[in-house]
Amino acid sequence: MRRLGANGMREYRKRIVVMRKSDKEIELMAQAGAITGAALQATLDALRPGVTTAEVDKIAEQVIRDAGAVPSFKGFRGYPASTCIEINDVVVHGIPSEDVVVEEGDIVGVDVGAYFEGFHGDTAATLAIGDVSDEARDLISVTEASLRAGIDAAQAGNRLKAIPMAIQECVEAAGFSVVRQLLGHGIGRQMHEPPQVPNYYSPGEFPDYELQLRPGIVLAIEPMVNVGGVAVTVDSDGWTTRTADGSLSAHFEHTIAVTKDGPRILTARD
Ligand code: MG
């Protein structure tokens with residue numbers, strides 16, 4: 001999760017120091033990531049028609065706490081839950097609720113973070129609930145493929161912009177659009193650290209595009225992809241972010257480390 005207000009992007013840009021993690025720190029991040037991945041998997045296993053998003057959230061929190069970790073999202077800028085749950089036109093930051101029931105035909109994204117031994121993990125995935133439209137199924141598979149393309153571009157020696165370029169190409173080739181207003185991010189002792197990791201390339205817009213990727217840089221790469229236009233709106237709760245045109249949106253995310261042997265996914269699921 002990363003929320004940007006009108007000025008948020010500009011403020012965040014001033015912090016340009018990108019921390020690299022030691023091998024030992026990356027091993028700790030892999031532990032945080034494994035817990036985060038397990039929490040996400042447990043929620044995906046629980047998604048079915050009739051379940052409330054509050055129930056799904058509780059499952060994630062239990063997995064995280066049973067592992068001796070802490071939900072990263074809970075209390076973050078006052079966020080009330082351990083997960084963000086994103087149904088249909090919700091792009092990100094849907095607040096779990098006893099009043100929101102998952103239904104057959106929905107597409108449901110779950111975004112979860114866990115803090116363990118001083119480090120955060122952050123991961124998300126979107127699932128089809130039973131029979132969904134061909135378009136919805138395509139959206140999910142393209143979004144997941146775009147994450148894979150972005151991860152594959154996270155090679156030491158590349159500029160950071162290789163990641164958004166790979167994601168955007170994958171998404172737009174399929175006729176979908178990449179959300180601009182929300183970004184991936186560096187991650188470590190803080191859930192959101194420099195650099196910014198946009199999912200689109202717009203020359204000159206982000207100084208971080210030119211960052212050279214080096215071993216020890218850890219990123220949360222998270223394409224958010226819409227069937228329709230790029231515009232999003234935020235509900236009156238200050239969090240729930242939807243497509244402005246009501247079209248479907250999907251979201252996948254992994255926390256990855258750049259290593260000399262290529263990108264390593266720290267939030268892999270079994
Ligand atoms: Mg994130």
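Me: Two strands pair if DSSP finds at least two bridges between them. With that settled, and with a predicted model in hand, how many residues sit between S7 and S8 in the hairpin they form?

Reply: S7 covers residues 184–186 and pairs with S8 in the antiparallel sense, over three bridges. That passes the cut-off of at least two bridges. One spot to look at is Gly184, which stands opposite Val197 in S8. As for what lies between S7 and S8 in this hairpin, the count is six residues.

Me: How many of the residues of S8 are buried?

Reply: Strand S8 runs over 193–197, and Pro195 is one of its residues. The strand is mostly covered, and its buried residues number five of five.

Me: Sticking with Pro195, is the peptide bond from Pro194 to Pro195 cis or trans?

Reply: Most peptide bonds are trans, but check the omega here. For the bond running from Pro194 to Pro195, omega is near 5°, which makes it cis.

Me: What about backbone phi: which residue in the loop between S2 and S3 has a positive phi although it is not a glycine?

Reply: Most residues other than glycine have a negative phi. Arg77, in the loop between S1 (70–71) and S2 (83–87), goes against that with a positive phi of about 50°. In the loop between S2 and S3 (90–92), a positive phi of about 55° belongs to Asn88.

Me: And which residue with a positive phi follows H5?

Reply: Helix H5 takes in residues 162–173 and reaches 16 Å from first C-alpha to last, close to the 16 Å expected for its 12 residues. After the helix comes a residue whose phi is near 85°, and that residue is Gly175.

Me: Which helix do the buried residues of H5 pack against?

Reply: The buried set in H5 is Ile163, Pro164, Ala166, Ile167, Gln168 and Val171. Their partners include strands S6 (177–178), S8, S9 (218–221) and S10 (224–226). The helix they pack against, 134–152, is H4.

Me: Is Met165 buried, partly exposed or exposed?

Reply: Met165 also lies in H5, but is missing from that helix's buried residues. Its C-alpha is separated by 5.6 Å from that of Tyr201, 36 residues away along the chain. Buried needs under 20% relative accessible area and exposed needs over 50%, so at 38% Met165 counts as partly exposed.

Me: Now the metal: which residue coordinates the magnesium ion through NE2?

Reply: The coordinating residues sit at 2.2 to 2.3 Å, and their spacing in sequence reads D-x62-H-x36-E-x30-E. Asp122 gives OD, while Glu222 and Glu253 each give OE. The NE2 comes from His185.

Me: How many residues apart are Glu222 and Glu253?

Reply: Glu222 is in the loop between S9 and S10, while Glu253 is in the loop between S13 (249–251) and S14 (254–259), so the pair links distant parts of the chain. Glu222 is buried at 2% relative accessibility, and Glu253 is buried at 0%. Along the chain, the separation is 31 residues.

Me: On to the rings: what is the angle between the planes of Tyr200 and Phe206?

Reply: A pair of aromatic rings is described by the distance of the centres and the angle of the planes. By the pairing rule the model holds four aromatic pairs. One of them, Tyr200 with Phe206, has its centres 6.0 Å apart and is edge-to-face, with an angle of 75°.

Me: Which of Tyr201 and Tyr209 is partly exposed?

Reply: The Tyr201 and Tyr209 rings have their centres 4.7 Å apart and their planes at 65°, so they also make an edge-to-face pair. Ring pairs link both into a cluster with Tyr200 and Phe206. Tyr209 is buried at 1%, so the partly exposed residue, at 23%, is Tyr201.

Me: Which residue lies over the face of Tyr200?

Reply: Tyr200 is buried, with a relative accessible area of 4%, and its ring partner Phe206 is buried at 2%. A charge counts as over a ring only within 6 Å of the ring centre. At 4.9 Å from the centre of the Tyr200 ring, the residue is Arg180.

Terms used: Residues are numbered from 1 along each chain as its sequence is written. This is a predicted model: local features need pLDDT of at least 70, side-chain atom pairs count only at pLDDT 80 or more; totals for chains, interfaces and linings use all residues. Side-chain values use heavy atoms; hydrogens and water are left out. Helices (H or I, at least four residues) and strands (E, at least two) are DSSP runs, numbered from the N terminus. The expected span of a helix is 1.5 Å times one less than its number of residues. Buried means under 20% relative accessible area, exposed over 50%, partly exposed in between (1.4 Å probe, protein chains only). Contact means heavy atoms within 4.5 Å. Donors are N, O and S atoms within 2.8 Å of the metal (3.2 Å for Na, K and Ca); water is not among the atoms, so sites may look incomplete. Rings of Phe, Tyr and Trp (its six-membered ring) pair if their centres lie within 6.5 Å; planes under 30 degrees apart count as stacked, over 60 as edge-to-face and the rest as tilted. A charge sits over a ring if NZ of Lys or CZ of Arg is within 6 Å of the ring centre and within 35 degrees of the ring normal.
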